[in-house]
Amino acid sequence: METQGKLNVEFPDLELLQRFDVPGPRYTSYPTADRFTKEFGAEDFKKVLNARGTGENTADLSLYVHIPFCANVCFFCGCNKEVTKDHCRSKEYLEVLSKECELVSAEIGGNKEVVQLHFGGGSPTFLNNEEIFQVMDIIRSHFALAPDAEISIEVDPRSTPVDKVEVLAKAGFNRMSIGVQDFDNRVQIAVNRVQPFEMTKAVLDAARANDGFKSINMDLIYGLPFQSRKTFEMTLDKVIELSPDRIALYHFAHLPEHFKPQRRINAEDLPSTPEKVGIMMDAIKRLSANGYHFIGMDHFAKVTDELAKAQENGTLQRNFQGYSTKPECDMVALGVSSISKVNGCYAANPRDLESYYAAIRSGNLATNRGYLLNDDDRLRAKVIMELMCQFKVVKADIEKKFDINFNEYFDFELNNLKHFEAEGLVRLEPDYIEVTPKGKLLVRAVAMNFDRYLREDERVRRYSRIV
């Protein structure tokens, strides 16, 4: 029998949601990636990686590997990808990726045990079975995977027949995230991702038949063309039937000026704001009633899943892959467009393959922009992380870690939050700040109060809206 979840969120009325529904960062990093500068380059990142080799930095190590290729374009997608049916291109990519692993590994030195490894894209399952073993051999030849390492991969069921699921298990993957978005056929046609329910079920069933997969996530999107509360209710019926361990329910941000494929989506086909909000609220209620815990923003996990447990014990964090169970890891990211976070710096690779290939083949790291956090950045990053992951900031913890007086340092921010308190979205107590159940859907707006950079320019207009 399924352990029952608990509805740990309250729903503000539509008028209040719309007032606080502003464009804002998702805070997978702070400062956000649009703050990175070309003044931080490959030589700067080398120095940061070297600190692991000297023992100066002993944080756990996480790896991210970006596989950019997709056989077909999904019109909703805003990821960095290369759409191609030429599978010869992955051969060249893996050759360069191997060289990058060699370069990075040499800079890190001996401190290379990996506790977390994640493959994203694009579509990592664009790789054929032989290439899946090849890329894992590449990783293992340069890094040591911890015996209990989390090894996860994003899976497109359209390129993942049952035999490939078995290959993934044999290669060492023990977690997967299945892209679904919506099971309604009309919606699937509108976004160019036709994926029958039976196809998705076959992947999930095959993963469960392989004992190595300890957690299975399913990605959904609300706000797509032709979605309604009624059609999405049927999608939720099928999701609950499949019973994945985790669910990510992303808000579709229609930004055709930024993402070319989205120009194929007609704005008039998108659900209205009230309908879209209704879809989200219905999903939270249904999933909470069926054994899932609302983690925050757009993530749910069964109450027995390690993601829910991480939030309960205070070790939950956010990174460029969303919510994560591993606290305070250094994340080294490999491949085109990938972004590393190591010991207080962000280091980004080029977004185009040509620049990435040229840098690695010349014997250099590919870093072409990044950011070195100052003391104020580290402090604000911690406060924002606590709000996003725990919905609460304990002032004494921050004061002890950063040697500040919280109320004095954040006097401006605390005054701003009084407006949120008046609306019942936060509690401003002498010892802590807490996002209320009513405020959880607007936690990004709360966190934005601590973003110093948003006060200094109009860049907020570039972000997606919160709801």
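Colleague: Let's start with helix α9: which elements do the buried residues of α9 pack against?
Modeller: Happy to look, with the note that this is a predicted model: local features need pLDDT of at least 70, side-chain atom pairs count only at pLDDT 80 or more, and totals for chains, interfaces and linings use all residues. Residues are numbered from 1 along each chain as its sequence is written, and side-chain values use heavy atoms, leaving out hydrogens and water. Buried residues (under 20% relative accessible area; exposed is over 50%, partly exposed in between, with a 1.4 Å probe and protein chains only) of α9 include Val-277, Ile-279, Met-281, Ile-284 and Leu-287. Taking contact as heavy atoms within 4.5 Å, the buried residues of α9 pack against α1, β7 (215–222), α8 (229–242), β8 (246–251), β9 (292–296) and β10 (299–302).

Colleague: How far does α9 reach from its first C-alpha to its last?
Modeller: Helices (H or I, at least four residues) and strands (E, at least two) are DSSP runs, numbered from the N terminus. Helix α9 covers residues 273–288, 16 residues in all. The expected span, 1.5 Å times one less than the number of residues, is 22 Å here, and the model comes close to that with 23 Å.

Colleague: Now to Pro-12, which I see in the segment before α1: buried or exposed?
Modeller: Pro-12 contacts Leu-17, Met-281, Lys-438 and Leu-441, leaving aside neighbours within four places in sequence. Its C-alpha atom is 8.4 Å from that of Leu-441, although 429 residues separate the two along the chain. With a relative accessibility of 3%, Pro-12 counts as buried.

Colleague: Which residues have the most contacts inside the largest nonpolar core?
Modeller: A nonpolar core is a set of buried Ala, Val, Leu, Ile, Met, Phe, Trp, Tyr and Cys residues joined through side-chain atoms within 4.5 Å. The largest one has 135 residues. Phe-173 gives a taste of the packing: beyond four places in sequence, its contacts include Ile-132, Met-136, Leu-168 and Phe-213. The residues with the most contacts inside the core are Phe-119, Phe-173 and Met-176.

Colleague: And how many residues are in the other core that lies apart from it?
Modeller: Among its members are Phe-75, Cys-77, Phe-252 and Ile-265. The count for this separate core is 10 residues.

Colleague: On to the rings: why does the pair Phe-36 and Tyr-346 count as stacked?
Modeller: The whole structure has 16 aromatic pairs, meaning rings of Phe, Tyr and Trp (its six-membered ring) with centres within 6.5 Å; planes under 30 degrees apart are stacked, over 60 edge-to-face and the rest tilted. Phe-36, in the loop between α1 (14–20) and α2 (42–53), and Tyr-346, in strand β15 (residues 345–348), are 310 residues apart, and both are buried. Their centres lie 5.4 Å apart, and the pair is stacked because the angle between the planes is 20 degrees.

Colleague: What is the angle between the planes of Phe-69 and Tyr-93?
Modeller: Phe-69 belongs to strand β2 (residues 69–70) and Tyr-93 to helix α3 (residues 88–108); both are buried. Ring pairs also join them to Phe-126, Tyr-356 and Tyr-357 in a cluster. The two centres are 5.5 Å apart, and this edge-to-face pair has its planes at 80 degrees.

Colleague: Lovely. Which residue has its charged end over the ring of Tyr-432?
Modeller: A charge sits over a ring if NZ of Lys or CZ of Arg is within 6 Å of the ring centre and within 35 degrees of the ring normal. Arg-452 does this with Tyr-453, at 4.6 Å from the centre. Over Tyr-432, at 4.3 Å, sits the charged end of Lys-392.

Colleague: Which residue forms a salt bridge with Asp-298?
Modeller: There are 22 salt bridges, each a side-chain nitrogen of Lys or Arg within 4 Å of a carboxyl oxygen of Asp or Glu. Asp-298, in the loop between β9 and β10, is buried at 3% relative accessible area. Its partner is partly exposed, at 27%. The N to O distance is 2.4 Å, and the partner is Arg-26.

Colleague: Last one: how close are the N and O atoms of Asp-237 and Arg-286?
Modeller: Asp-237 is in helix α8 and Arg-286 in helix α9, so their salt bridge ties together parts 49 residues apart in sequence. Asp-237 is partly exposed at 37%, and Arg-286 is partly exposed at 25%. The closest N and O atoms are separated by 2.8 Å.
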